[in-house]
Amino acid sequence: MMEFTLKEIADACGGKLYLKNGAKDDTFVTSLVIDSRKIEPGGVFLATLGEKVDGHRFISRVYETGAILAVTQKTPEQVQDETGLDCSGWGSYVLVEDTLQALKDIAEAYRLKVGIPIVGITGSVGKTSTKEFIAGVLSEKYKVLKTEGNFNNEIGVPLTLLRIRPEHEVAVVEMGISDFGEMHRLSKMVRPDVCVMTNIGQCHLENLKTRDGILKAKSEIFDFMAENGEICLNGEDDKLSTLCEVKGHKPHFFGLGENPEEEVRATRIESHGLWGSDAVLEFCDTCMEIHVPLPGVHMVLNAAAAACVARLFGLSGEDIASGIEQIQPVSGRNNLIRLEKYTLIDDCYNANPASMRAAIDLLAMADTAKVAVLGDMFELGENSDALHAGVGEYAAAAGIDRIICVGENAVHMFDAAVDRAEKTRHIAHFPTRDALLQALEKEREEYIPDGSTVLIKASHGMEFGKILEFLRAQGT
(Lines give C-alpha, C1' and ligand atoms only; values in the text may rest on other atoms or scores of the structure.)
Protein backbone atom coordinates (compact mmCIF):
# COMPACT_ATOMS: atom_id res chain seq x y z
CA MET A 1 0.00 0.00 0.00
CA MET A 2 1.28 3.47 -0.91
CA GLU A 3 1.13 6.19 1.70
CA PHE A 4 -0.83 8.41 -0.66
CA THR A 5 -4.52 9.27 -1.04
CA LEU A 6 -6.60 10.32 -4.03
CA LYS A 7 -6.60 13.93 -2.81
CA GLU A 8 -2.85 13.95 -2.27
CA ILE A 9 -2.31 12.73 -5.81
CA ALA A 10 -4.54 15.45 -7.23
CA ASP A 11 -2.92 18.13 -5.06
CA ALA A 12 0.58 16.97 -5.98
CA CYS A 13 0.05 17.44 -9.71
CA GLY A 14 -2.33 20.43 -9.53
CA GLY A 15 -5.11 18.45 -11.18
CA LYS A 16 -8.88 18.55 -10.74
CA LEU A 17 -10.25 15.48 -8.97
CA TYR A 18 -13.52 13.99 -10.21
CA LEU A 19 -14.88 11.44 -7.76
CA LYS A 20 -17.23 8.77 -9.06
CA ASN A 21 -19.34 5.95 -7.64
CA GLY A 22 -19.19 7.19 -4.06
CA ALA A 23 -15.38 7.26 -3.88
CA LYS A 24 -13.78 9.28 -1.07
CA ASP A 25 -10.78 11.53 -1.55
CA ASP A 26 -9.04 10.21 1.58
CA THR A 27 -8.83 6.68 0.16
CA PHE A 28 -5.29 5.29 0.01
CA VAL A 29 -4.06 3.81 -3.26
CA THR A 30 -2.04 0.63 -3.72
CA SER A 31 0.24 1.61 -6.62
CA LEU A 32 0.68 3.87 -9.64
CA VAL A 33 1.53 2.50 -13.10
CA ILE A 34 1.69 3.72 -16.69
CA ASP A 35 1.26 0.23 -18.16
CA SER A 36 -2.41 -0.76 -18.12
CA ARG A 37 -1.41 -4.43 -17.99
CA LYS A 38 0.18 -3.90 -14.57
CA ILE A 39 -2.83 -2.35 -12.83
CA GLU A 40 -3.84 -3.93 -9.53
CA PRO A 41 -6.92 -3.51 -7.33
CA GLY A 42 -6.88 -0.08 -5.74
CA GLY A 43 -4.20 1.15 -8.11
CA VAL A 44 -3.79 4.33 -10.15
CA PHE A 45 -3.33 4.35 -13.92
CA LEU A 46 -1.53 7.35 -15.38
CA ALA A 47 -2.31 7.64 -19.10
CA THR A 48 0.67 8.78 -21.15
CA LEU A 49 0.53 10.05 -24.71
CA GLY A 50 3.26 8.21 -26.61
CA GLU A 51 4.40 8.43 -30.21
CA LYS A 52 2.80 5.11 -31.09
CA VAL A 53 0.32 4.38 -28.30
CA ASP A 54 -2.11 6.67 -26.50
CA GLY A 55 -2.63 5.39 -22.97
CA HIS A 56 -5.99 7.15 -22.78
CA ARG A 57 -7.43 4.36 -24.94
CA PHE A 58 -7.00 1.95 -22.03
CA ILE A 59 -8.60 3.98 -19.23
CA SER A 60 -12.01 2.28 -19.47
CA ARG A 61 -10.30 -1.10 -19.33
CA VAL A 62 -8.26 -0.41 -16.18
CA TYR A 63 -11.38 0.31 -14.12
CA GLU A 64 -12.60 -3.16 -15.06
CA THR A 65 -9.42 -4.68 -13.64
CA GLY A 66 -9.47 -2.82 -10.34
CA ALA A 67 -8.12 0.69 -10.86
CA ILE A 68 -9.41 3.21 -8.33
CA LEU A 69 -8.20 6.31 -10.18
CA ALA A 70 -6.90 7.47 -13.56
CA VAL A 71 -4.68 10.48 -14.18
CA THR A 72 -5.54 11.87 -17.61
CA GLN A 73 -4.98 14.91 -19.80
CA LYS A 74 -8.16 14.19 -21.72
CA THR A 75 -11.77 14.15 -20.54
CA PRO A 76 -13.86 11.03 -21.11
CA GLU A 77 -15.80 12.96 -23.74
CA GLN A 78 -12.58 13.79 -25.62
CA VAL A 79 -11.40 10.19 -25.54
CA GLN A 80 -14.78 8.95 -26.74
CA ASP A 81 -14.84 11.47 -29.59
CA GLU A 82 -11.27 10.61 -30.67
CA THR A 83 -11.47 6.84 -30.41
CA GLY A 84 -15.14 5.90 -30.57
CA LEU A 85 -14.69 3.93 -27.34
CA ASP A 86 -17.46 3.95 -24.75
CA CYS A 87 -16.12 6.04 -21.82
CA SER A 88 -19.37 6.22 -19.86
CA GLY A 89 -18.01 3.73 -17.34
CA TRP A 90 -15.03 5.80 -16.23
CA GLY A 91 -14.47 5.84 -12.50
CA SER A 92 -12.72 8.58 -10.52
CA TYR A 93 -10.07 10.54 -12.39
CA VAL A 94 -7.69 13.50 -12.08
CA LEU A 95 -7.59 15.85 -15.06
CA VAL A 96 -4.22 17.54 -15.72
CA GLU A 97 -2.59 19.49 -18.53
CA ASP A 98 0.32 17.06 -19.03
CA THR A 99 0.37 13.55 -17.61
CA LEU A 100 4.16 13.14 -17.92
CA GLN A 101 4.70 16.27 -15.85
CA ALA A 102 2.04 15.00 -13.45
CA LEU A 103 4.04 11.78 -13.04
CA LYS A 104 7.10 13.77 -11.98
CA ASP A 105 5.11 16.03 -9.67
CA ILE A 106 3.39 13.10 -7.96
CA ALA A 107 6.71 11.28 -7.52
CA GLU A 108 8.36 14.38 -6.03
CA ALA A 109 5.54 14.88 -3.53
CA TYR A 110 5.49 11.21 -2.62
CA ARG A 111 9.25 11.12 -2.10
CA LEU A 112 9.02 14.08 0.28
CA LYS A 113 6.26 12.35 2.22
CA VAL A 114 7.94 8.96 2.65
CA GLY A 115 11.15 10.64 3.75
CA ILE A 116 13.50 7.63 3.73
CA PRO A 117 17.18 8.21 2.87
CA ILE A 118 17.93 7.84 -0.83
CA VAL A 119 21.25 7.08 -2.49
CA GLY A 120 21.34 8.67 -5.97
CA ILE A 121 23.84 7.20 -8.45
CA THR A 122 25.05 8.75 -11.68
CA GLY A 123 28.11 8.62 -13.93
CA SER A 124 29.05 7.77 -17.49
CA VAL A 125 29.83 4.09 -16.99
CA GLY A 126 28.99 1.53 -14.33
CA LYS A 127 25.86 3.09 -12.82
CA THR A 128 23.86 -0.13 -12.86
CA SER A 129 26.65 -2.34 -11.53
CA THR A 130 27.44 0.18 -8.81
CA LYS A 131 23.75 0.34 -7.92
CA GLU A 132 23.68 -3.43 -7.54
CA PHE A 133 26.74 -3.40 -5.29
CA ILE A 134 25.43 -0.58 -3.08
CA ALA A 135 21.93 -2.07 -2.79
CA GLY A 136 23.34 -5.52 -2.14
CA VAL A 137 25.65 -4.35 0.63
CA LEU A 138 23.03 -2.10 2.30
CA SER A 139 20.62 -5.06 2.24
CA GLU A 140 22.81 -6.70 4.87
CA LYS A 141 21.27 -4.29 7.40
CA TYR A 142 18.30 -2.55 5.78
CA LYS A 143 15.22 -3.25 3.69
CA VAL A 144 16.28 -1.69 0.38
CA LEU A 145 14.38 -0.59 -2.71
CA LYS A 146 16.49 -0.26 -5.87
CA THR A 147 15.99 0.79 -9.47
CA GLU A 148 14.93 -2.17 -11.57
CA GLY A 149 16.02 -2.67 -15.17
CA ASN A 150 16.74 0.51 -17.11
CA PHE A 151 14.34 2.74 -15.17
CA ASN A 152 16.84 5.58 -14.79
CA ASN A 153 15.35 8.41 -16.88
CA GLU A 154 12.58 11.00 -16.43
CA ILE A 155 9.95 8.28 -16.62
CA GLY A 156 11.79 5.46 -14.90
CA VAL A 157 13.00 7.48 -11.91
CA PRO A 158 9.54 8.68 -10.80
CA LEU A 159 8.15 5.17 -11.26
CA THR A 160 10.97 3.88 -9.04
CA LEU A 161 10.20 6.46 -6.35
CA LEU A 162 6.53 5.50 -6.46
CA ARG A 163 7.49 1.89 -5.64
CA ILE A 164 8.68 2.91 -2.16
CA ARG A 165 6.55 1.26 0.52
CA PRO A 166 6.34 1.62 4.31
CA GLU A 167 8.64 -1.38 4.84
CA HIS A 168 11.51 0.17 2.89
CA GLU A 169 14.28 1.80 4.94
CA VAL A 170 16.62 2.95 2.14
CA ALA A 171 16.24 3.47 -1.62
CA VAL A 172 19.04 3.23 -4.18
CA VAL A 173 18.11 5.13 -7.34
CA GLU A 174 20.03 5.11 -10.63
CA MET A 175 19.91 8.43 -12.50
CA GLY A 176 20.81 8.59 -16.21
CA ILE A 177 20.83 11.57 -18.57
CA SER A 178 21.79 12.59 -22.09
CA ASP A 179 21.47 16.39 -21.98
CA PHE A 180 21.73 19.44 -19.73
CA GLY A 181 18.81 20.06 -17.40
CA GLU A 182 17.73 16.43 -17.13
CA MET A 183 19.72 15.70 -13.98
CA HIS A 184 18.38 18.90 -12.42
CA ARG A 185 14.85 17.59 -12.91
CA LEU A 186 15.77 14.12 -11.64
CA SER A 187 17.45 15.58 -8.56
CA LYS A 188 14.34 17.62 -7.81
CA MET A 189 12.33 14.40 -7.64
CA VAL A 190 14.91 12.21 -5.88
CA ARG A 191 16.29 14.71 -3.33
CA PRO A 192 19.29 12.41 -2.72
CA ASP A 193 20.76 12.10 0.75
CA VAL A 194 23.89 10.47 -0.67
CA CYS A 195 25.18 11.33 -4.16
CA VAL A 196 27.45 8.80 -5.88
CA MET A 197 29.30 9.56 -9.12
CA THR A 198 31.11 6.67 -10.81
CA ASN A 199 33.13 8.47 -13.48
CA ILE A 200 33.09 11.02 -16.30
CA GLY A 201 33.55 9.26 -19.62
CA GLN A 202 32.82 9.82 -23.30
CA CYS A 203 29.09 9.34 -23.69
CA HIS A 204 26.22 11.53 -24.91
CA LEU A 205 28.80 13.80 -26.51
CA GLU A 206 26.29 14.74 -29.18
CA ASN A 207 24.54 16.95 -26.62
CA LEU A 208 27.14 17.43 -23.89
CA LYS A 209 30.09 17.98 -26.29
CA THR A 210 33.04 17.42 -23.92
CA ARG A 211 33.91 15.58 -20.71
CA ASP A 212 33.73 18.94 -18.93
CA GLY A 213 30.21 19.29 -20.29
CA ILE A 214 29.40 15.80 -19.00
CA LEU A 215 30.78 16.72 -15.56
CA LYS A 216 28.65 19.87 -15.50
CA ALA A 217 25.50 17.98 -16.50
CA LYS A 218 26.09 15.12 -14.05
CA SER A 219 26.85 17.61 -11.25
CA GLU A 220 23.24 18.78 -11.42
CA ILE A 221 22.61 15.83 -9.09
CA PHE A 222 23.78 18.15 -6.30
CA ASP A 223 21.11 20.77 -7.06
CA PHE A 224 18.54 19.23 -4.69
CA MET A 225 20.81 17.16 -2.46
CA ALA A 226 19.70 17.02 1.18
CA GLU A 227 21.08 19.84 3.32
CA ASN A 228 23.09 17.37 5.39
CA GLY A 229 23.81 15.13 2.40
CA GLU A 230 26.97 13.17 1.66
CA ILE A 231 28.93 12.80 -1.57
CA CYS A 232 30.91 9.73 -2.69
CA LEU A 233 33.17 10.11 -5.74
CA ASN A 234 35.55 7.92 -7.69
CA GLY A 235 38.99 9.20 -6.71
CA GLU A 236 40.56 7.48 -9.74
CA ASP A 237 38.66 9.73 -12.18
CA ASP A 238 40.65 12.78 -13.26
CA LYS A 239 37.56 14.98 -13.46
CA LEU A 240 35.83 13.88 -10.26
CA SER A 241 39.04 14.06 -8.23
CA THR A 242 39.08 17.84 -8.80
CA LEU A 243 35.85 18.29 -6.81
CA CYS A 244 37.29 19.23 -3.44
CA GLU A 245 34.07 20.80 -2.15
CA VAL A 246 30.46 20.81 -3.31
CA LYS A 247 27.96 23.22 -1.72
CA GLY A 248 30.01 23.25 1.46
CA HIS A 249 30.35 19.46 1.55
CA LYS A 250 33.70 17.69 1.37
CA PRO A 251 33.34 14.57 -0.80
CA HIS A 252 34.34 11.09 0.30
CA PHE A 253 36.59 9.51 -2.31
CA PHE A 254 36.83 5.79 -3.06
CA GLY A 255 39.24 4.04 -5.37
CA LEU A 256 42.10 1.62 -5.87
CA GLY A 257 44.70 3.46 -3.81
CA GLU A 258 46.07 5.70 -6.58
CA ASN A 259 44.75 8.92 -5.02
CA PRO A 260 45.92 9.82 -1.47
CA GLU A 261 42.54 11.50 -0.85
CA GLU A 262 40.70 8.17 -1.06
CA GLU A 263 39.07 7.25 2.24
CA VAL A 264 38.06 3.80 1.01
CA ARG A 265 40.63 1.81 -0.98
CA ALA A 266 40.60 -1.61 -2.60
CA THR A 267 44.20 -2.73 -3.01
CA ARG A 268 46.30 -5.87 -3.54
CA ILE A 269 43.92 -7.09 -6.22
CA GLU A 270 44.31 -10.72 -7.30
CA SER A 271 42.34 -11.57 -10.42
CA HIS A 272 40.72 -14.95 -10.94
CA GLY A 273 39.88 -14.15 -14.55
CA LEU A 274 36.25 -14.29 -15.46
CA TRP A 275 35.34 -15.62 -12.04
CA GLY A 276 36.09 -12.54 -9.98
CA SER A 277 38.85 -11.06 -7.86
CA ASP A 278 40.19 -11.02 -4.33
CA ALA A 279 41.29 -7.73 -2.82
CA VAL A 280 42.06 -5.99 0.45
CA LEU A 281 39.58 -3.30 1.45
CA GLU A 282 40.88 -0.49 3.64
CA PHE A 283 38.96 2.30 5.37
CA CYS A 284 39.31 4.06 8.72
CA ASP A 285 41.03 1.48 10.94
CA THR A 286 39.60 -1.46 8.99
CA CYS A 287 41.66 -3.67 6.72
CA MET A 288 39.99 -6.84 5.47
CA GLU A 289 40.08 -9.33 2.65
CA ILE A 290 37.10 -9.40 0.28
CA HIS A 291 36.03 -11.54 -2.65
CA VAL A 292 34.35 -9.76 -5.56
CA PRO A 293 32.45 -12.45 -7.50
CA LEU A 294 32.20 -10.46 -10.75
CA PRO A 295 35.22 -10.13 -13.07
CA GLY A 296 37.31 -7.07 -13.77
CA VAL A 297 39.09 -4.34 -11.86
CA HIS A 298 36.09 -2.07 -12.45
CA MET A 299 33.99 -4.44 -10.32
CA VAL A 300 36.51 -4.12 -7.50
CA LEU A 301 36.09 -0.35 -7.84
CA ASN A 302 32.31 -0.83 -7.57
CA ALA A 303 32.90 -2.76 -4.36
CA ALA A 304 34.91 0.17 -3.00
CA ALA A 305 32.05 2.52 -3.91
CA ALA A 306 29.59 0.29 -2.05
CA ALA A 307 31.84 0.24 1.00
CA CYS A 308 32.14 4.03 0.89
CA VAL A 309 28.36 4.38 1.00
CA ALA A 310 27.81 1.55 3.48
CA ARG A 311 30.07 3.04 6.12
CA LEU A 312 27.93 6.21 6.02
CA PHE A 313 24.98 3.99 6.94
CA GLY A 314 26.78 2.37 9.85
CA LEU A 315 27.48 -1.07 8.38
CA SER A 316 30.29 -3.12 9.88
CA GLY A 317 33.23 -4.44 7.91
CA GLU A 318 31.78 -7.95 8.16
CA ASP A 319 28.45 -6.78 6.73
CA ILE A 320 30.22 -5.01 3.87
CA ALA A 321 32.36 -8.04 2.98
CA SER A 322 29.34 -10.36 3.14
CA GLY A 323 27.25 -8.08 0.93
CA ILE A 324 30.00 -7.77 -1.69
CA GLU A 325 30.51 -11.53 -1.86
CA GLN A 326 26.82 -12.14 -2.62
CA ILE A 327 26.51 -9.74 -5.58
CA GLN A 328 24.90 -11.30 -8.65
CA PRO A 329 25.41 -10.20 -12.28
CA VAL A 330 22.72 -8.16 -14.04
CA SER A 331 21.35 -9.31 -17.38
CA GLY A 332 22.95 -7.33 -20.20
CA ARG A 333 25.88 -6.17 -18.09
CA ASN A 334 28.93 -8.45 -17.85
CA ASN A 335 26.64 -11.40 -17.25
CA LEU A 336 28.52 -14.68 -17.78
CA ILE A 337 26.44 -17.42 -19.39
CA ARG A 338 28.13 -20.83 -19.46
CA LEU A 339 26.83 -23.05 -22.25
CA GLU A 340 27.95 -26.46 -23.48
CA LYS A 341 29.64 -25.14 -26.62
CA TYR A 342 30.95 -21.75 -25.43
CA THR A 343 30.69 -19.04 -22.78
CA LEU A 344 28.85 -15.78 -23.49
CA ILE A 345 29.57 -12.42 -21.87
CA ASP A 346 26.20 -10.70 -22.06
CA ASP A 347 27.04 -6.98 -22.04
CA CYS A 348 24.58 -5.96 -24.74
CA TYR A 349 22.50 -3.46 -22.77
CA ASN A 350 24.46 -0.36 -23.81
CA ALA A 351 27.89 0.89 -24.87
CA ASN A 352 30.23 3.85 -25.04
CA PRO A 353 34.00 3.96 -25.62
CA ALA A 354 34.95 3.54 -21.95
CA SER A 355 32.58 0.64 -21.32
CA MET A 356 33.71 -0.99 -24.58
CA ARG A 357 37.33 -0.93 -23.43
CA ALA A 358 36.38 -2.30 -20.01
CA ALA A 359 34.43 -5.14 -21.64
CA ILE A 360 37.34 -5.93 -23.97
CA ASP A 361 39.67 -6.04 -20.95
CA LEU A 362 37.27 -8.50 -19.38
CA LEU A 363 37.19 -10.71 -22.47
CA ALA A 364 40.98 -10.65 -22.59
CA MET A 365 41.00 -12.45 -19.23
CA ALA A 366 39.47 -15.58 -20.73
CA ASP A 367 41.77 -18.59 -21.05
CA THR A 368 39.97 -19.73 -24.21
CA ALA A 369 39.69 -18.40 -27.75
CA LYS A 370 38.28 -14.87 -27.49
CA VAL A 371 35.54 -13.49 -29.77
CA ALA A 372 34.26 -9.89 -29.60
CA VAL A 373 30.94 -9.08 -31.28
CA LEU A 374 30.93 -5.28 -31.17
CA GLY A 375 28.27 -2.95 -32.53
CA ASP A 376 27.56 0.73 -33.07
CA MET A 377 27.80 3.21 -30.21
CA PHE A 378 25.25 6.03 -30.41
CA GLU A 379 25.22 9.71 -29.39
CA LEU A 380 28.97 10.26 -29.76
CA GLY A 381 28.73 13.47 -31.75
CA GLU A 382 31.25 14.74 -34.27
CA ASN A 383 34.07 12.46 -33.03
CA SER A 384 32.01 9.31 -33.52
CA ASP A 385 34.18 7.87 -36.32
CA ALA A 386 37.41 8.30 -34.36
CA LEU A 387 35.88 6.90 -31.17
CA HIS A 388 34.66 3.81 -33.02
CA ALA A 389 38.09 3.42 -34.57
CA GLY A 390 39.66 3.64 -31.13
CA VAL A 391 37.59 0.69 -29.94
CA GLY A 392 38.63 -1.43 -32.94
CA GLU A 393 42.28 -0.59 -32.38
CA TYR A 394 41.95 -1.39 -28.67
CA ALA A 395 40.37 -4.78 -29.36
CA ALA A 396 43.11 -5.72 -31.80
CA ALA A 397 45.86 -4.57 -29.44
CA ALA A 398 44.29 -6.64 -26.64
CA GLY A 399 44.90 -9.78 -28.65
CA ILE A 400 41.24 -10.69 -29.21
CA ASP A 401 41.25 -13.68 -31.57
CA ARG A 402 38.15 -12.77 -33.57
CA ILE A 403 36.58 -9.33 -33.88
CA ILE A 404 33.14 -9.08 -35.46
CA CYS A 405 32.01 -5.48 -36.06
CA VAL A 406 28.32 -4.83 -36.69
CA GLY A 407 26.63 -1.66 -37.90
CA GLU A 408 27.11 1.40 -40.04
CA ASN A 409 29.43 3.14 -37.58
CA ALA A 410 31.25 -0.07 -36.67
CA VAL A 411 32.96 -0.09 -40.06
CA HIS A 412 35.44 2.32 -38.44
CA MET A 413 36.09 -0.28 -35.73
CA PHE A 414 36.72 -2.82 -38.47
CA ASP A 415 39.15 -0.64 -40.43
CA ALA A 416 41.17 0.26 -37.34
CA ALA A 417 41.25 -3.34 -36.10
CA VAL A 418 42.55 -4.51 -39.48
CA ASP A 419 45.28 -1.86 -39.44
CA ARG A 420 46.39 -2.78 -35.91
CA ALA A 421 45.88 -6.54 -35.98
CA GLU A 422 48.83 -8.73 -35.13
CA LYS A 423 47.41 -11.66 -33.19
CA THR A 424 43.79 -11.39 -34.33
CA ARG A 425 43.00 -14.29 -36.63
CA HIS A 426 39.71 -13.14 -38.04
CA ILE A 427 38.14 -9.66 -38.41
CA ALA A 428 34.77 -9.20 -40.07
CA HIS A 429 32.22 -6.46 -40.64
CA PHE A 430 28.47 -6.79 -41.11
CA PRO A 431 26.34 -3.75 -42.01
CA THR A 432 23.43 -4.85 -39.83
CA ARG A 433 22.61 -7.12 -36.92
CA ASP A 434 20.37 -9.23 -39.15
CA ALA A 435 23.17 -9.69 -41.68
CA LEU A 436 25.33 -11.19 -38.92
CA LEU A 437 22.48 -13.43 -37.77
CA GLN A 438 22.05 -14.74 -41.32
CA ALA A 439 25.77 -15.54 -41.48
CA LEU A 440 25.66 -17.27 -38.10
CA GLU A 441 22.72 -19.39 -39.19
CA LYS A 442 24.73 -20.68 -42.16
CA GLU A 443 28.15 -21.14 -40.56
CA ARG A 444 28.16 -20.31 -36.88
CA GLU A 445 31.46 -22.09 -36.14
CA GLU A 446 33.25 -19.97 -38.74
CA TYR A 447 32.67 -16.95 -36.50
CA ILE A 448 31.99 -18.47 -33.06
CA PRO A 449 34.14 -21.58 -32.60
CA ASP A 450 33.22 -24.16 -29.99
CA GLY A 451 35.08 -23.66 -26.74
CA SER A 452 35.42 -19.89 -27.15
CA THR A 453 34.39 -17.00 -24.91
CA VAL A 454 32.18 -14.46 -26.69
CA LEU A 455 31.61 -10.82 -25.75
CA ILE A 456 28.38 -9.28 -27.09
CA LYS A 457 28.24 -5.48 -26.76
CA ALA A 458 26.68 -2.47 -28.50
CA SER A 459 24.39 0.46 -27.80
CA HIS A 460 20.90 -0.55 -26.74
CA GLY A 461 19.31 0.55 -30.00
CA MET A 462 21.29 -2.12 -31.89
CA GLU A 463 19.13 -4.76 -30.18
CA PHE A 464 22.02 -7.16 -29.65
CA GLY A 465 19.78 -9.15 -27.34
CA LYS A 466 18.65 -10.95 -30.50
CA ILE A 467 22.23 -12.07 -31.15
CA LEU A 468 22.49 -13.19 -27.54
CA GLU A 469 19.31 -15.26 -27.72
CA PHE A 470 20.40 -16.86 -31.00
CA LEU A 471 23.76 -17.87 -29.55
CA ARG A 472 22.13 -19.14 -26.35
CA ALA A 473 19.91 -21.40 -28.38
CA GLN A 474 22.83 -22.64 -30.51
CA GLY A 475 25.17 -23.13 -27.55
CA THR A 476 23.39 -26.00 -25.84
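**Exercise 1. Find which residues of helix α13 are buried in this predicted model, and what they pack against.**

Solution. Start with the burial list: in this predicted model, Ser-384, Leu-387, His-388, Val-391, Gly-392, Ala-395 and Ala-396 are the buried residues of α13. The cut-off to keep in mind is under 20% relative accessible area.

Next, look at the partners. Those buried residues pack against three other helices and two strands by name: α8 (205-208), α12 (353-364) and α14 (411-420), plus β17 (370-375) and β18 (402-406).

Now check the geometry of the helix. α13 covers residues 384-397, and its 14 residues should span 20 Å at 1.5 Å a residue; the end C-alpha atoms are 20 Å apart, so the two values agree.

Last, step past the end of the helix. Gly-399 follows α13, and its phi is positive, near 80°.

**Exercise 2. Describe helix α4 from its start to the residue that follows it.**

Solution. Begin just ahead of the helix: a side-chain oxygen of Asp-98 comes to within 2.9 Å of the backbone nitrogen of Leu-100, at the start of α4.

Then take the length. α4 runs over residues 99-114, which is 16 residues, and it reaches 22 Å between its end C-alpha atoms, close to the 22 Å expected.

For burial, the list includes Leu-103, Ile-106 and Val-114, along with Lys-104, Glu-108 and Arg-111. So don't skip the charged side chains when you click through this helix.

Finish with Gly-115, which follows α4 and has a positive phi near 70°.

**Exercise 3. Is Thr-99 buried or exposed, and which residues does Thr-99 contact?**

Solution. First place the residue: Thr-99 sits in α4. With a relative accessibility of 1%, Thr-99 counts as buried, because the cut-off for buried is under 20%.

Then list the contacts, leaving aside neighbours within four places in sequence. One group is Leu-46, Ala-47, Thr-48 and Leu-49, and another is Val-71, Thr-72 and Gln-73.

**Exercise 4. Work out how strand β6 is enclosed and which strands it pairs with.**

Solution. Count the burial: 5 of the 5 residues of β6 (residues 118-122) are buried, so the strand is largely enclosed by the rest of the structure.

Now sort by face. In a regular strand, side chains alternate between the two faces of the sheet. In β6, Ile-118, Gly-120 and Thr-122 are on one side, Val-119 and Ile-121 are on the other, and both sides are covered.

Then go to the partners. β6 runs parallel to β8 (residues 170-174), with 4 bridges, and Ile-118 stands opposite Ala-171. β6 also pairs in the parallel sense with β9 (residues 194-197), over 4 bridges; there, Gly-120 faces Cys-195.

**Exercise 5. Trace the hairpin of β13 and β14.**

Solution. The strands, residues 277-283 and 286-292, pair in the antiparallel sense over 7 bridges. Phe-283 stands opposite Thr-286. Between the strands there are 2 residues, and Cys-284 takes a positive phi near 50°.

**Exercise 6. Decide how compact the whole chain is.**

Solution. Tally the elements: 16 helices and 20 strands. The radius of gyration is 24 Å, close to the 23 Å that the globule rule gives for 476 residues, so the chain is as compact as a globular protein of that length.

Then add burial: 57% of the 476 residues count as buried. Finally, among contacts between residues at least 6 apart in sequence, 65% join residues at least 24 apart.

Notes
Residues are numbered from 1 along each chain as its sequence is written. Side-chain values use heavy atoms; hydrogens and water are left out. The expected span of a helix is 1.5 Å times one less than its number of residues. Buried means under 20% relative accessible area, exposed over 50%, partly exposed in between (1.4 Å probe, protein chains only). A polar contact is a pair of N or O atoms within 3.5 Å; within protein, one must be able to donate a hydrogen and the other to accept it, and residues adjacent in sequence count only if both atoms are side-chain atoms. The radius of gyration is taken over C-alpha atoms; the globule rule is 2.2 Å times the number of residues to the power 0.38. Contact means heavy atoms within 4.5 Å. Two strands pair if DSSP finds at least two bridges between them.
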